[in-house]
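Let's take a walk through this one, stopping at a helix, some rings and a buried acid. Keep the viewer open as you read.

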Amino acid sequence: MSAFNRQHRVHLAIKDRYIRFVESGKKRKLLAYGQKSLPDGVIVEGQIKDRETLELIVDEMIDQWKLKGKKVSFCVPDSTVIVRKIHVSNEIPDHELNGYLYMELGQSIHLPFADPLIEAVPLEKAAENRDVLLFASRETVLHEFTALLKGASLKPDIADLSVLSLYRMYYHLGLAKQDEHVLMVQIGVDAFVLSVFNEHKPVFSRHYPLEFHDEHFELSKSRSGSEFYSWVGAPNELHSQSQDITMEIERFLSYYHFNLTKGNHRISKLVLSGDHPCMETFYSDIHTAIEVSVQPLLEPLFQTKKGRNIPPVYAECIGLALK
């Protein structure tokens, strides 16, 4: 492999229904992108259930876009990640935070899985306590995806969260302000994620499953070989789903103001992105129902080196490339 090619990296987002990538080269120039759909039951709630089929799809992707042997960064599936703010004593030094949080598992800290990988990020100090941001993901899930990518002749070396990657792209576009309490809304075909950032740091993230019905979606293929879903369901089905999501956002805005910030702060901006084929409908409904200003990331904002527009569904992959 030439020295030139060694600088090429692949940035993957792995979901229950899709696997997509952006390839970057020298000086983070974006070179190529593509995606494959995943059949029902291959990945379920972020966990590999049908490894054989997934290996075939990943191999096909690598052959089609000539990705073999390249370094890879990837987003850990959202459904296997917890982001939470925890109060700890000021007496615990930064370098002991991770160890302290591991000790508190099952005591003051309860997580929905038994094998967490924990990362602590110190936040501001108060009188006796300080806030620490807890990131937890499932160790087995991380190892499974790393092994899968290595087995496919790729070189995984960075794992990240989709919410951090998306915010990184938003920040790179010059849209982020330090003092804002921004709610990132990512809507997929079978789930949506709500994450809050303040002072450029995540303070909360939650994953909400959505019902996925095969008969509502049709799989299509672009000229370049990427696969994507189109909506073929009834308009009232879409309206119902859109209403449910909008109601959940409204509920969260209230919860953030009254419970999470004890009445001190409100969400000041909502940023909308996602790979659901009906994002424009969701934008219209959310924009109409909610008084907070909505910033849609639904247009192509980046191009490849050869001038091709990169569809907005690759936002998280682009965020990885900007790391």
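Start with the rings. At 10% relative accessibility, F204 counts as buried, because the cut-off for that label is under 20%. F252 is buried as well, at 3% relative accessibility. Keep in mind that this is a predicted model.

Now for the wider set of aromatics: searching the whole structure turns up 14 aromatic pairs. One of them is made by F204 and F252, a tilted pair with 5.2 Å centre to centre and 35° between the planes. This pair ties together distant parts of the chain, since F204 belongs to strand β13 (residues 201-209) and F252 to helix α6 (residues 235-260), 48 residues apart.

Elsewhere, Y18, F212, F217, Y229 and W231 make up one aromatic cluster. If you zoom in on F212, you'll find R17 lying over the face of its ring, 3.7 Å from the ring centre. There's another arginine of this kind to look at: R20 has its charged end over the ring of Y314, 5.9 Å from the centre.

Next, swing over to helix α2 (residues 51-65). How far apart should the ends of this 15-residue helix be? At 1.5 Å a residue, the expected span is 21 Å, and the end C-alpha atoms are indeed 21 Å apart, so the two agree.

Which residues of α2 are buried? They are L54, I57, V58, M61, I62 and W65. Look down the axis of α2 and these buried residues fall within an arc of 135°, which means that they line one face of the helix. On the other side of α2 you'll see E52, L56 and D63, which are exposed. As for what the buried residues of α2 pack against, the partners are β2 (18-24), β3 (30-37), β4 (43-44), β5 (47-48) and α4 (139-151). Just past the end of α2, K66 adopts a positive phi of about 55°.

Last stop: D131, which lies in strand β9 (residues 129-138). Is D131 buried or exposed? Its relative accessible area is 12%, so D131 counts as buried. Leaving out residues up to four places away in sequence, D131 touches K85, I86, H87, P122, L123 and E124. With one of these, H87, the D131 side chain makes a side-chain to side-chain polar contact of 2.6 Å. Q178, for its part, is 47 residues from D131 in sequence, and their C-alpha atoms are 18 Å apart in space.

Key. Residues are numbered from 1 along each chain as its sequence is written. This is a predicted model: local features need pLDDT of at least 70, side-chain atom pairs count only at pLDDT 80 or more; totals for chains, interfaces and linings use all residues. Side-chain values use heavy atoms; hydrogens and water are left out. Rings of Phe, Tyr and Trp (its six-membered ring) pair if their centres lie within 6.5 Å; planes under 30 degrees apart count as stacked, over 60 as edge-to-face and the rest as tilted. Helices (H or I, at least four residues) and strands (E, at least two) are DSSP runs, numbered from the N terminus. Buried means under 20% relative accessible area, exposed over 50%, partly exposed in between (1.4 Å probe, protein chains only). A charge sits over a ring if NZ of Lys or CZ of Arg is within 6 Å of the ring centre and within 35 degrees of the ring normal. The expected span of a helix is 1.5 Å times one less than its number of residues. The arc is that of the directions from the helix axis to the C-beta atoms. Contact means heavy atoms within 4.5 Å. A polar contact is a pair of N or O atoms within 3.5 Å; within protein, one must be able to donate a hydrogen and the other to accept it, and residues adjacent in sequence count only if both atoms are side-chain atoms.
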